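Student: I should like to work through this structure by question and answer. Please begin with the sequence and the model themselves.

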Amino acid sequence: MRGESAATAELGTGHDIRHLIHCPPSWDHYLLDAPSNGEERFVLAGEVPLRHPLFNDGSGHFHDHQLTTEAIREIGEFVGHQYFGVPARRRGLFYRFSLELTDLAAWRAESRPARMTTDIRATPANTVHGVPRGLDFQLSVQIEDVPCATGSAALVFVPPVLHRSHQEHSSWAVRATPELADEPTGPAWPVPAATVGRTVSQNVVISEPTEGSRGQFSTWVLPRPDHPVLGGGPHVSGTLLLESLRQASLLAASRTFGLTPARSTLAATDIHVSGYAETDLPLRCAVLPGRLGRDAAGRPAVPVTLTLTQHRRAVAEARTTVVQDF
């Protein structure tokens, strides 16, 4: 991403180009070269990618809703630094994200490029001496000018010393309690790609599950250190966490109620991240599917509750709703 002016920026992931357009309610702050202390509005516009190594891997029935998640993750820190006066050294970390698909038909993929537009409202949170400690985002998504999703996200900015201290403490904490070690009893074999809505085995990030009580099962998140999208540093990337929750949700709906993964998507997602996960330690995903029901259009729908833990310590919790669409 690079700033083009006080009002626009260009975001590129190597697979697509999107434009972030600033739509300020007032230019007073910018005429005075002062950071904003209130709500700021943006529009993120561009074509849905057709060759992304992860988000375009699947049956091609739906656009991947994680395009929205990734876009907000990419611009959040930039918005804080550029428009709200957050010091550039402070790292932006998302800890909450929710998205609800309001028009599933708009998410059905076609062979031609589709234009996605996301209206974003950013509001400072926990302001101290004029500098926000975080940002709250409200989202509204359109595909080909059809409103099709709403969502929210919360970002916290952490000073570099505190960020490093949190990472070091997290690494120490999981290794200082070997009695809490939680590891697979045998090899963690990946599930077939088709069962989680993918076609490429390298994009599969969960293992064959083991069954528990009351319909619950658990699976292990598979590290992908060399993957161009899922790889990361010493801690599990946000993209890998979100993809593991997506795949585990589809697997739960498929194996419990027979929903077809190639024709299913997450119609609702609500995620809260509470800690770091180390890439070199096992990461468990506990999955509890709810009762099979129907959405407002009569499509089969399954609510799923998921918890990611490492050494029995919570890393993330999520609630999703899987919907099948033919």
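Student: Which element gives the largest share of the lining of the largest pocket?

Tutor: On a 1 Å grid over the protein atoms alone, a pocket is an open set of points with protein on both sides within 12 Å along at least five of seven lines, and lining residues have an atom within 4 Å of a point. Helices (H or I, at least four residues) and strands (E, at least two) are DSSP runs numbered from the N terminus. The largest share of this lining, seven residues, comes from strand 5.

Student: What average pLDDT does the protein chain have?

Tutor: The model is predicted: local features need pLDDT (the predictor's confidence in each residue, from 0 to 100) of at least 70, side-chain atom pairs count only at 80 or more, and totals for chains, interfaces and linings use all residues. Residues are numbered from 1 along each chain as its sequence is written, and side-chain values use heavy atoms, without hydrogens or water. A score of at least 70 is reached by 87% of the residues, and the chain average is 87.

Student: Which residues have a pLDDT below 50?

Tutor: One stretch has 22 contacts (heavy atoms within 4.5 Å) in the model beyond near neighbours in sequence. Its pLDDT is nevertheless below 50, and it covers residues 1–7.

Student: How much space lies in the largest pocket?

Tutor: A volume is the space filled by probe spheres set on grid points, which are joined across faces, edges and corners. For the largest pocket this is about 1100 Å³.

Student: Which residues are closest to the centre of that pocket?

Tutor: The lining of the largest pocket holds 39 residues. Helix 2 (66–83), strand 5 and helix 4 (238–257) are among the elements that each supply at least two of them. Closest to the centre are Arg73, Arg91, Leu93, Phe94 and Gly238.

Student: What volume does the largest cavity have?

Tutor: A cavity is a set of grid points where a 1.4 Å probe fits but cannot get out. The whole structure holds two cavities of 30 Å³ or more. The volume of the largest cavity is about 90 Å³.

Student: Why is the pair of phenylalanine 78 and tyrosine 83 given its class, and what is that class?

Tutor: The structure holds three aromatic pairs. Rings of Phe, Tyr and Trp (its six-membered ring) pair if their centres lie within 6.5 Å; planes under 30 degrees apart count as stacked, over 60 as edge-to-face and the rest as tilted. Here the centres are 6.3 Å apart and the planes stand at 80 degrees, so the pair is edge-to-face.

Student: How far apart along the chain are phenylalanine 94 and phenylalanine 137?

Tutor: These two rings form a tilted pair, 6.0 Å centre to centre with 40 degrees between the planes. Phenylalanine 94 lies in strand 5 (residues 91–101) and phenylalanine 137 in strand 7 (residues 131–143). The pair therefore links distant parts of the chain, with a separation of 43 residues.

Student: Is serine 218 buried or exposed?

Tutor: Serine 218 lies in strand 10 (residues 217–220). Buried means under 20% relative accessible area, exposed over 50%, and partly exposed in between (1.4 Å probe, protein chains only). At 9%, serine 218 is therefore buried.

Student: Which side chain makes a polar contact with the side chain of serine 218?

Tutor: A polar contact is a pair of N or O atoms within 3.5 Å; within protein, one must be able to donate a hydrogen and the other to accept it, and residues adjacent in sequence count only if both atoms are side-chain atoms. At 2.8 Å, the partner is arginine 284.
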